[in-house]
Amino acid sequence: MSTLVGLRRDGAAICFTWQDGVEACLMPRALRVVCPCAHCVSEVTGRRLLDPATVPDDLGLVDMQPVGNYAYRLLFDDGHDSGIFRLELLHEMSRAADGSAS
Ligand SMILES: [Zn+2]
């Protein structure tokens with residue numbers, strides 16, 4: 001797994017820079033709809049409970065708090081703050097969004 005070496009805000013987006021050269025800015029909404037918490041995904045069936053249509057396009061991010069050295073807790077401005085986003089997931093999303101990565 002790659003190490004997160006940079007984290008900054010760019011307007012509403014959150015920009016991630018990884019040790020392996022992957023760099024991408026993600027919108028809060030893109031993160032919110034993949035939130036892995038128990039409110040958004042059934043722990044029993046793994047089924048996604050959150051309907052993406054209910055998430056506004058202009059959803060904002062209030063804060064990101066490190067959880068140990070493996071994840072970040074994301075606080076969205078819709079009041080949702082129970083999502084723990086593992087670095088693996090953030091890296092995967094960054095890589096998918098990084099057009100310059102080979
Ligand atoms: Zn959630």
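These exercises, with worked solutions, explore a predicted model of one protein chain.

**Exercise 1. The overall plan**

Task: State how many helices and strands the protein chain has, and give their pattern along the sequence.

Solution:
- Step 1. Count the elements. The secondary structure comes to two helices and six strands.
- Step 2. Read along the sequence. The pattern is β-β-β-α-β-β-β-α.
- Step 3. Check the compactness. The radius of gyration of the protein chain is 13 Å, close to the 13 Å that the globule rule gives for 102 residues, so the chain is as compact as a globular protein of that length.
- Step 4. Add the dimensions. Along its principal axes, the C-alpha trace spans about 35 × 30 × 25 Å.
- Step 5. Add the burial. Of the 102 residues, 15% are buried.

**Exercise 2. The sheet of E1, E2 and E3**

Task: Work out which strands stand at the edges of the sheet E1-E2-E3, and why one side of each lacks a neighbour.

Solution:
- Step 1. Recall the general rule. Strands of a sheet pair through backbone hydrogen bonds, either parallel or antiparallel.
- Step 2. Write down the order. The sheet is open, with its three strands in the order E1-E2-E3 and antiparallel pairing.
- Step 3. Find the edges. Strand E1 (4–10) and strand E3 (23–26) each have a single partner strand, so one side of each has no neighbour in the sheet.
- Step 4. Note the twist. From one strand to the next, it averages 20 degrees.
- Step 5. Look at the first pair. E1 and strand E2 (residues 13–18) are joined over six bridges. Leu-7 has Phe-16 in E2 as its bridge partner. Gly-6 is partnered by Thr-17 in E2.
- Step 6. Inspect the turn between them. E1 and E2 form a hairpin with two residues between the strands, and Gly-11 in the turn has a positive phi of about 65 degrees.
- Step 7. Look at the other pair. E2 and E3 are joined over four bridges. Cys-15 has Cys-25 in E3 as its bridge partner. Their hairpin has four residues between the strands, and Gly-21 takes a positive phi near 95 degrees.

**Exercise 3. The two faces of E2**

Task: Sort the residues of E2 by the face to which their side chains point, and say which are buried.

Solution:
- Step 1. Follow the alternation. Ile-14, Phe-16 and Trp-18 point to one face and are buried. Ala-13, Cys-15 and Thr-17 point to the other face and are not buried.
- Step 2. Test Trp-18. A residue counts as buried if 20 or more other C-beta atoms lie within 10 Å of its own. Trp-18 has 21 other C-beta atoms within 10 Å, so it is buried.
- Step 3. List its contacts. Leaving out residues up to four places away in sequence, Trp-18 touches Ser-2, Thr-3, Leu-4, Val-5, His-91 and Ser-94.
- Step 4. Take one of these, Val-5. Trp-18 and Val-5 are 13 residues apart along the chain, yet their C-alpha atoms are separated by 5.3 Å.
- Step 5. Turn to Phe-16. Beyond its neighbours within four places in sequence, its contacts include Leu-7, Ala-24 and Leu-90.

**Exercise 4. The other sheet**

Task: Give the strand order of the sheet that contains E5, and name its edge strands.

Solution:
- Step 1. Write down the order. This open sheet runs E4-E5-E6, with antiparallel pairing.
- Step 2. Find the edges. Strand E4 (61–67) and E6 each have a single partner strand, so one side of each is left without a neighbour in the sheet.
- Step 3. Note the turning. Direction ignored, neighbouring strands are turned by 30 degrees against each other on average.
- Step 4. Look at one pair. E4 and E5 are joined over six bridges. Pro-66 stands opposite Tyr-72 in E5.

**Exercise 5. Helix H2 and the core**

Task: Identify the buried residues of H2, and show where they pack.

Solution:
- Step 1. List them. They are Leu-87, Leu-90, His-91 and Ser-94.
- Step 2. Look down the axis of H2. The buried residues fall within an arc of 100 degrees, so they line one face of the helix.
- Step 3. Place the helix. H2 (residues 87–97) lies across E1, E2 and E3, at about 100 degrees to E3. H2 also lies across E5 and E6, at about 70 degrees to E6.
- Step 4. Find the packing partners. The buried residues of H2 pack against E1, E2, E3, strand E5 (71–76) and strand E6 (83–86).
- Step 5. Recall a general tendency. In soluble globular proteins, nonpolar side chains tend to be buried together.
- Step 6. Find the core. The largest nonpolar core has nine residues, among them Trp-18, Tyr-72 and Leu-90. E2, E5 and H2 each give two or more residues to this core. E2 provides the largest share, with three residues.

Key
Residues numbered from 1 in each chain as written. Predicted model: local features only at pLDDT ≥ 70, side-chain atom pairs only at ≥ 80, totals over all residues. Pairing = 2+ DSSP bridges. Axes fitted to C-alpha atoms, helices over the stretch in contact; angles between N-to-C directions. Contact = placed C-beta atoms within 7 Å. Buried ≥ 20, exposed ≤ 12 C-beta atoms within 10 Å, placed from the backbone. Arc of directions from axis to C-beta. Core = buried A, V, L, I, M, F, W, Y, C linked by C-beta atoms within 7 Å. Rg over C-alpha atoms; globule rule 2.2 N^0.38 Å.
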